[in-house]
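Subject: Structure handover

Hello,

Here is the structure for your files. My notes on it follow below.

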Amino acid sequence: SQHHVEKALSLIGKKFKELSLTNIYAPPPPSLALHSLPMTSWLMLPDGVTVEVVVANQVNAGHMFLQQHTHPTFHVLRSLDQQMYVCYSQPGIPTLPTPVEVGIICAAPGLDGAWWRAQVVGYFKDSGEVEIRYVDYGGYERVKIDTLRQIRSDFVTLPFQGAEVLLDNVVPLPVNNTGFASVVDETKLLHTVFCFQVTNYDNATGLPLIQLWSMMGDEVVSINRTLVERGFAQWVDNY
């Protein structure tokens with residue numbers, strides 16, 4: 001119970017006085033206005049601690065989206081996906097009003113007939129298209145506006161599960177003609193369990209810079225260095 005948890009924390013705090021016992025996971029925020037969702041709508045990556053994650057989407061060798069699959073809110077995503085599938089499989093759901101507001105959250109077609117939460121990050125009025133970022137599963141897509149649907153307010157109460165990150169010290173190199181799909185396939189990053197730690201923040205984008213590790217038996221392997229060793233990226237020291 002919460003009472004026992006607090007009692008245990010109190011005893012731990014008395015024994016280990018230097019230990020920080022603040023909760024690194026903030027509770028899910030209440031339902032918010034869709035037009036100006038603050039950053040608290042995103043499930044933030046905790047600073048200074050090592051957490052297990054999976055790579056949900058890889059934009060390039062140094063740019064990816066992580067999911068904290070051990071976080072208490074993560075299991076709710078499957079239920080949300082099912083509810084959105086039922087809702088948006090029906091005809092007559094309103095499309096987005098135009099001109100489309102950049103930053104707005106909407107429902108967008110995902111893989112295999114699914115509907116995923118997405119954020120509009122660019123509006124191309126002449127072609128009737130927008131660029132969207134999938135906020136739970138990661139990745140960017142340019143789509144026709146009429147493929148998107150307005151999102152119900154109860155579908156945005158769950159914090160967005162896809163944390164966008166850059167690998168620290170890693171600058172991606174141009175890939176050869178086989179394209180980036182082969183890089184993803186060869187590095188086997190997608191949907192494998194890793195540990196990560198936030199080490200800095202990128203000045204240009206504000207995105208977290210991270211070190212990513214995999215556990216091979218008892219061996220800890222740096223993904224940042226492995227990508228460089230495989231020739232997919234260049235190592236750059238931070239000063």
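Strands β11 (residues 208-216) and β12 (residues 219-222) pair in the antiparallel sense over 4 bridges. Strands here are DSSP E runs of at least two residues and helices are H or I runs of at least four, numbered from the N terminus; two strands pair if DSSP finds at least two bridges between them. Met 216 stands opposite Glu 219 in β12. The hairpin has 2 residues between the strands, and in it Gly 217 takes a positive phi near 65°.

This is a predicted model, in which local features need pLDDT of at least 70, side-chain atom pairs count only at pLDDT 80 or more, and totals for chains, interfaces and linings use all residues. Residues are numbered from 1 along each chain as its sequence is written, and side-chain values use heavy atoms, with hydrogens and water left out.

Confidence: pLDDT is the predictor's confidence in each residue, from 0 to 100. The chain has a mean pLDDT of 86, and 86% of its residues reach 70 or more. Over residues 26-36 pLDDT stays under 50, and the model has 19 contacts (heavy atoms within 4.5 Å) for them beyond four places in sequence.

Cores: the largest nonpolar core (buried Ala, Val, Leu, Ile, Met, Phe, Trp, Tyr and Cys residues joined through side-chain atoms within 4.5 Å) has 21 residues. Buried means under 20% relative accessible area, exposed over 50%, and partly exposed in between, with a 1.4 Å probe and protein chains only. Among the residues with the most contacts inside this core are Met 64, Leu 167, Phe 194 and Leu 212. The elements giving two or more residues to this core are β1 (51-60), β2 (63-67), β8 (163-167), β10 (193-201), β11 and α4 (223-229). Apart from it lies another core, of 15 residues, including Leu 77 and Phe 160.

Glu 129: this residue is in strand β5 (residues 129-134) and is buried, with a relative accessible area of 18%. Its side chain makes a polar contact of 3.1 Å with that of Ser 127; such a contact is a pair of N or O atoms within 3.5 Å where, within protein, one must be able to donate a hydrogen and the other to accept it, and residues adjacent in sequence count only if both atoms are side-chain atoms.

Cysteines: the structure holds 0 disulfides (pairs of cysteine sulfur atoms within 2.5 Å). Cys 87 is buried at 10% relative accessible area, and Cys 195 is buried at 16%.

Regards
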